[in-house]
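Here's a walk through the fold, for anyone who'd like to follow along in the viewer. Keep the sequence open beside it.

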Amino acid sequence: QLQKPKLILENGLRTDGRKLDELRPIKIELGVLKNADGSAIFEMGNTKVIAAVYGPKEMHPRHLALPDKASLRVRYHMTPFSTDERKNPAPSRREIELSKVIREALESTILLNLFPRTVIDIFMEVLQADAGTRLVALMAASMALADAGIPMRDLIAGVAVGKADGSLVLDLNEQEDMWGEADMPIAVLPSLGQVVLLQLNGFMTPDEFRRAFELAQKGISSIYALQKEALKNKYLEYKEE
Ligand code: ADP
């Protein structure tokens, strides 16, 4: 698509039929992989990410181990079949950068000092990309860590807010991400009210920024409720077994 489409239609709805403040449908599945210590699939609309966690385990080679806390090794990656055109499977600069941003968010969330000298490996594979993959990947990782029983300060919930045809919109789709005036992914620890990731592409006025942040908070509380429910259901399953 070479020309900007209309992002907000005559009826005030978005190109995918959503209201300005409406999230895409969310689906969370825990424990989807047998061989990982924890795993999850997180879907937000057409964006779909699988995450796998291994550890905490002994760090090899030993000299890389940190004496006072666990190390995190984090990989965000898009599968070749996750986009319209086959994506080169070699990690791109974008994927290397997103791995770092996601690692930093996880480092401020996991209680790493409980596991000195160990390493925790976290893999995220984007199965289907339709905007918001960094946040869906981060949430998939957070759910996989919870599934692995690794202690955290809170779950991580996140959503992108932005501006499309001059209106603030919640949870951008790919067209809005590509053609909108602003794209701001935000991830927080909802119970603690702490921000662990915030980026902004494009432009907003300070007032728009405040309103966008509030809109994100609203979306995040709905997402957080679904995350807790997914964990509770998994726990009940274990209990029955
Ligand atoms: P995020 O996925 O976190 O929103 P970006 O803003 O960089 O990150 O990407 C927006 C969207 O653009 C992605 O979700 C994906 O749908 C699409 N995209 C990103 N990289 C590629 C790529 N290499 N090929 C095709 N589409 C891509």
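## Starting at the edge of the sheet

Let's begin with E1 and strand E2 (residues 38-44), which pair in the antiparallel sense over 5 bridges. To find the register by eye, look for Glu 29, which stands opposite Ile 41 in E2. Bear in mind throughout that this is a predicted model.

Two helices come up against the sheet. Helix H1 (residues 93-107) packs on it and touches E4 and strand E5 (118-128). The direction of H1 makes about 140° with that of E4. Helix H2 (residues 133-147) packs on the sheet too, with contacts to E1, E2, strand E3 (47-58), E4 and E5. Against E2, the direction of H2 makes an angle of about 145°.

## The whole sheet

Now step back: what is the order of the strands in the open sheet? Reading across its 5 strands you get E1-E2-E3-E5-E4, and the pairing is mixed. The edges are strand E1 (26-30) and strand E4 (71-78), each of which pairs on one side only. From one strand to the next, the twist averages 15°.

Moving inward, E2 and E3 run antiparallel and are joined by 7 bridges. Here Gly 38 stands opposite Val 53 in E3. The two strands form a hairpin with 2 residues between them, and Gly 45 in the turn has a positive phi of about 60°. E3 also pairs with E5 in the antiparallel sense, this time over 9 bridges. One spot to check there is Val 49, whose bridge partner in E5 is Val 126.

## Aromatic pairs

How many aromatic pairs does a search of the whole structure find? It turns up 2. Tyr 54 and Phe 123 form an edge-to-face pair, 6.0 Å centre to centre with 80° between the planes. Tyr 54 sits in strand E3 and Phe 123 in strand E5, so this pair ties together parts that are 69 residues apart in sequence.

## Backbone oddities

Next, a few places where the backbone is worth a look. Gly 55 and Pro 56 are joined by a cis peptide bond, with omega about 0°, and Pro 56 is found in strand E3. The peptide bond from His 60 to Pro 61 is cis as well, with omega near -10°. Pro 61 has its place in the loop between E3 and E4.

Further along, Arg 117 has a positive phi, near 70°, in a residue other than glycine. You'll find Arg 117 in the loop between H1 and E5.

## A hairpin further along

Strand E6 (residues 157-164) and strand E7 (residues 167-170) run antiparallel, with 4 bridges joining them. Ala 164 stands opposite Ser 167 in E7. This hairpin has 2 residues between its strands, and Asp 165 takes a positive phi near 45°.

## The largest pocket

Where should you look for the centre of the largest pocket? Of the 24 residues that line it, Arg 94, Ala 131, Gly 132, Glu 174 and Asp 177 lie nearest its centre. Its volume is about 490 Å³. The elements that give two or more residues to the lining are H2, helix H3 (174-179) and strand E8 (182-189).

What is the make-up of the lining of the largest pocket? Its residues divide into 8 nonpolar, 7 polar and 9 charged. Helix H2 is worth a second glance in the viewer: it packs on the sheet and gives two or more residues to the lining of the largest pocket.

How values were computed
Residues numbered from 1 in each chain as written. Predicted model: local features only at pLDDT ≥ 70, side-chain atom pairs only at ≥ 80, totals over all residues. Heavy atoms only, no water. Pairing = 2+ DSSP bridges. Axes fitted to C-alpha atoms, helices over the stretch in contact; angles between N-to-C directions. Contact = heavy atoms within 4.5 Å. 1 Å grid on protein atoms, 1.4 Å probe; cavity = no way out; pocket = protein on both sides within 12 Å on 5 of 7 lines; lining within 4 Å. Points joined across faces, edges and corners; volume = space filled by probe spheres on them. Nonpolar A, V, L, I, M, F, W, Y, C, P; charged D, E, K, R; others polar. Phe/Tyr/Trp six-rings, centres within 6.5 Å; stacked < 30°, edge-to-face > 60°.
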